[in-house]
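Colleague: I would like to learn how to read a model that is new to me, going from the overall outline to single residues. Could we take it one feature at a time?

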Amino acid sequence: MTTEIPLWQPTDEILETSPMALFRRACETRAGRPLADYDALHAWSVDDRAAFWTAVWEDCGVIGER
């Protein structure tokens, strides 16, 4: 039996400073509650789509007109 071992795994520091983590933390302010992980961010994006897409436009530097 072979065990698959990843060649590389990101450190906790890399995970906490990734663009996704920074965006999730910015969304916590908009949501008014902690979004502890990706699943919580996803749930909020479904529950409050307007606020989520406003965050995408404003925080991610989308160029264009809404």
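Modeller: What follows is a walk through this predicted model, from the whole chain down to single residues.

Colleague: Let us begin with the secondary structure: how many helices and strands does the protein chain have?

Modeller: A useful beginning is to list the elements in order. Here the protein chain comes to 4 helices and 0 strands, and from the N terminus on the elements run α-α-α-α.

Colleague: What radius of gyration does the protein chain have, and what would a compact globule of 66 residues have?

Modeller: The idea is to set the value for the chain beside the value for a globule. The protein chain has a radius of gyration of 15 Å, whereas a compact globule of 66 residues would be near 11 Å. The spans along the principal axes add to this picture, since the C-alpha trace extends over about 50 × 25 × 20 Å.

Colleague: What share of the residues is buried, and how much area does the protein chain expose?

Modeller: A residue is called buried when its relative accessible area is under 20%. Of the 66 residues in the protein chain, 20% are buried. The chain exposes about 5,500 Å², and carbon and sulfur atoms supply 57% of that area.

Colleague: Which residues make up the largest nonpolar core?

Modeller: That core holds 9 residues in all, namely Phe23, Cys27, Leu35, Leu41, Trp44, Ala51, Phe52, Ala55 and Val56. The elements that give two or more residues to this core are helix 2 (19–31), helix 3 (38–47) and helix 4 (49–59), and the largest share, 4 residues, comes from helix 4.

Colleague: Leu41 belongs to that core, and I would like to follow its contacts; which residues does Leu41 touch, leaving out those up to four places away in sequence?

Modeller: Contacts are read as pairs of residues with heavy atoms within 4.5 Å. With residues up to four places away in sequence left out, Leu41 touches Met20, Phe23, Arg24, Cys27 and Leu35. On the scale of the whole chain, among contacts between residues at least 6 apart in sequence, 23% join residues at least 24 apart.

Colleague: Where is Met20 placed, and why does Met20 count as partly exposed?

Modeller: Met20 is in helix 2, and Met20 counts as partly exposed because its relative accessibility is 45%, which falls between the 20% and 50% limits. Not counting residues up to four places away in sequence, Met20 touches Tyr38 and Leu41. Met20 and Ser45 are 25 residues apart along the chain, and their C-alpha atoms are separated by 14 Å.

Colleague: Is Leu7 buried or exposed, and where does Leu7 lie?

Modeller: Leu7 is exposed, with a relative accessible area of 91%, and lies in the segment before helix 1 (12–16). Leu7 and Arg33 are 26 residues apart in sequence, and their C-alpha atoms are 36 Å apart in space.

Colleague: Is Ala50 buried or exposed?

Modeller: Ala50, which lies in helix 4, is exposed, with a relative accessible area of 57%.

Terms used: Residues numbered from 1 in each chain as written. Predicted model: local features only at pLDDT ≥ 70, side-chain atom pairs only at ≥ 80, totals over all residues. Heavy atoms only, no water. Core = buried A, V, L, I, M, F, W, Y, C linked by side-chain atoms within 4.5 Å. Buried < 20%, exposed > 50% of the residue type's maximum accessible area, 1.4 Å probe, protein only. Rg over C-alpha atoms; globule rule 2.2 N^0.38 Å. Areas by Shrake-Rupley, 256 points an atom, 1.4 Å probe, with all protein chains shown as cover.
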